[in-house]
Amino acid sequence: MMTKQSTALSLFGSMLLLLLAATNPAAEAFCPPSSSTQKHTNKLFMSTTDATGSSTSSSTTENDELAATVTKLKRVLAKEYTSFFNPMVDSWYAPDVTFTDPMTSLSGVDSYRKNVDMLAGRTLMGKVLFEGAGINLHSVTGGEIVNGRVDDIVTRWTLRLTAKVLPWSPEAVFSGVSVYKIALGGKEGLSIVGQTDYWDSINIQPDTPSTNVKQQYQTVPKNIAVSDFLAQLAPTGFLAPTAAPELPYLLLRRGDGYELRKYPGFVGVETPYMRRDYGFGSLGAFAKGMDPLAPSICKVYNDDNVDDGDGKEKMMMWPLKFAFPGEGTDAPPAPAAAIEKAGSGQWASINIMSQPERIVAIRAFEDAAMGPVVRNADRELRAMLKRDGLEVEDGTEQYVLFTQYDAVHSMGKRRSEVWIDLKDGGHPF
């Protein structure tokens, strides 16, 4: 292999020959280079090319090895989240690793582990304070190789835990991102030297792109985080019972005033209605014995003047079956009894409706689901989504979707929501 000095000399010699030819065209025309001169020139060019190619090949190999190590680290992180850091793989962390979230600042692997173990209820204090802790990992991204260094790795997650120390056992939910600072070296070739957590509920800056973590998430004073946490621990009062088991979902974000949820594909039955109690009655009679699910999902067009023939009918839908994990994103087949009855005889107005997996933005409201209340909640939700850089599905501005979980005349605190579908690519999930 040539040294840097010989490479430089070869390159200088080649450039000198070219310069001489360019400044003396007559000599080039009447005195063509001898075969020995030509061979020497070819060797000089080959020498320079070989050295450059060797350097490029070496750099590519190093980057490939580094990228493979980053991929391994991402897999380790995914496994740690899945097991709630039991075990925590110490070899990937620098001894003086730092951890910062909106309420806590720690340093050192032992302090890091003890904090996680407390939340998971694996320490004495944790067993007294918390139970049912769990974390859902939504994605692990980043870690690109930039000029020989590793860019930040970013995880998105949702954490739940129950504060059993309080008599009413409230559940606290946090969603957000963790930004991992990575350094070369350590036992595995790479080390986590710092982790900074941000919460979706308090750290998102207005009017920033939802896919740019470094721009969107910024630190806030700790008292804001403490207030956010304590608000979740407050008693909720007597809640009206749900009319049926709830359609399951994965909570992707607990934001400031709204949630983002991923619902599985599901199949249900729908009917037009003039009054909600009539819609409940029709679907209840049709779905008897089919074990329908909550909530009732109502769709009302903003031009709902049906009487003059220009508006569109209000629709109510009940979910019947949903796709289980591993069954794909499409809706499952409808129950045989529903297929047999729908659209004929006394059930002529009832249709089967399929809905594939989707991500939905949610805003809850407690007042009675009257037109002005529902539309105001819809407007508020749209403003919040725009503020946080999220894009809604085209056409959703033509109607409002709202849901009801409890029975029509149930007692207690009601649970109603407005839903807006998000556009594919219009969110970071």
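Is Arg-122 buried, exposed or partly exposed, and what is its relative accessible area? Select Arg-122 and see: the residue is partly exposed, with a relative accessible area of 30%. Keep in mind as you go that this is a predicted model.

**Stop 1: a salt bridge at Arg-122**

Add Asp-117 to your selection. Its side chain meets that of Arg-122 in a salt bridge, 2.8 Å from N to O. Asp-117 has a relative accessibility of 16% and counts as buried, whereas Arg-122 is partly exposed. A search of the whole structure finds 22 salt bridges, and two more of them come up on this tour.

**Stop 2: the second largest pocket**

Asp-117 falls within the numbering of helix H4 (109-119), so colour that helix next. H4 gives the most to the lining of the second largest pocket, with five residues. This pocket holds about 550 Å³ of space. To centre your view, pick Phe-99, Asp-101, Asn-115, Leu-119 and Leu-159, which are the closest to its centre of the 28 residues that line it. Besides H4, the elements that give two or more residues to this lining are strand E3 (130-142), strand E6 (153-163), E7, strand E8 (190-199) and H7. Colour the lining by class and you should count 22 nonpolar, four polar and two charged residues.

**Stop 3: the largest pocket**

Now move to the largest pocket, where about 1,400 Å³ of space lies. Select Thr-236, Glu-259, Ala-364, Lys-413 and Arg-415, the closest to its centre among 38 lining residues. Show these elements as ribbons: strand E7 (171-184), helix H7 (222-233), strand E9 (250-254), strand E10 (259-263), strand E15 (358-365) and strand E17 (416-421), each of which supplies at least two residues of the lining. The largest share, four residues, comes from E15. By class, this lining has 15 nonpolar, eight polar and 15 charged residues.

**Stop 4: Arg-415 and its partners**

Stay with Arg-415 and add Glu-246. Their side chains meet in a salt bridge of 3.1 Å, N to O. Glu-246 sits in the loop between H7 and E9 and Arg-415 in the loop between E16 and E17, so the pair ties together parts that are 169 residues apart in sequence. Glu-246 is partly exposed at 30% relative accessible area, and Arg-415 also counts as partly exposed, at 26%.

**Stop 5: a pair within one helix**

Jump to helix H10 (residues 371-387), where Asp-378 and Arg-382 lie four residues apart, about one turn of the helix. They form a salt bridge, with the closest N and O atoms 2.8 Å apart. Asp-378 is buried, with a relative accessible area of 7%. Before leaving the salt bridges, select Glu-246, Glu-259, Arg-261, Arg-415 and Glu-417: salt bridges that share partners join them into one network.

**Stop 6: the buried side of H8**

Which residues of helix H8 (residues 276-286) are buried? Select Gly-279, Phe-280, Leu-283 and Phe-286. They cover an arc of only 135 degrees around the axis, which puts them on the same side of H8. Among the elements that cover them are strand E11 (266-273), strand E12 (296-301), strand E13 (314-322), helix H9 (336-341) and strand E16 (399-404).

**Last stop: Lys-312**

Finish in the loop between E12 and E13, where you will find Lys-312. This residue is partly exposed, with a relative accessible area of 46%. Draw a distance from its C-alpha atom to that of Pro-272: the two are separated by 9.6 Å, though they are 40 residues apart along the chain.

Note on methods: Residues are numbered from 1 along each chain as its sequence is written. This is a predicted model: local features need pLDDT of at least 70, side-chain atom pairs count only at pLDDT 80 or more; totals for chains, interfaces and linings use all residues. Side-chain values use heavy atoms; hydrogens and water are left out. On a 1 Å grid over the protein atoms alone, a cavity is a set of points where a 1.4 Å probe fits but cannot get out, and a pocket is an open set with protein on both sides within 12 Å along at least five of seven lines; lining residues have an atom within 4 Å of a point. Grid points are joined across faces, edges and corners, and a volume is the space filled by probe spheres set on the points. Ala, Val, Leu, Ile, Met, Phe, Trp, Tyr, Cys and Pro count as nonpolar, Asp, Glu, Lys and Arg as charged, and the others, Gly among them, as polar. Buried means under 20% relative accessible area, exposed over 50%, partly exposed in between (1.4 Å probe, protein chains only). The arc is that of the directions from the helix axis to the C-beta atoms. Contact means heavy atoms within 4.5 Å. A salt bridge is a side-chain nitrogen of Lys or Arg within 4 Å of a carboxyl oxygen of Asp or Glu.
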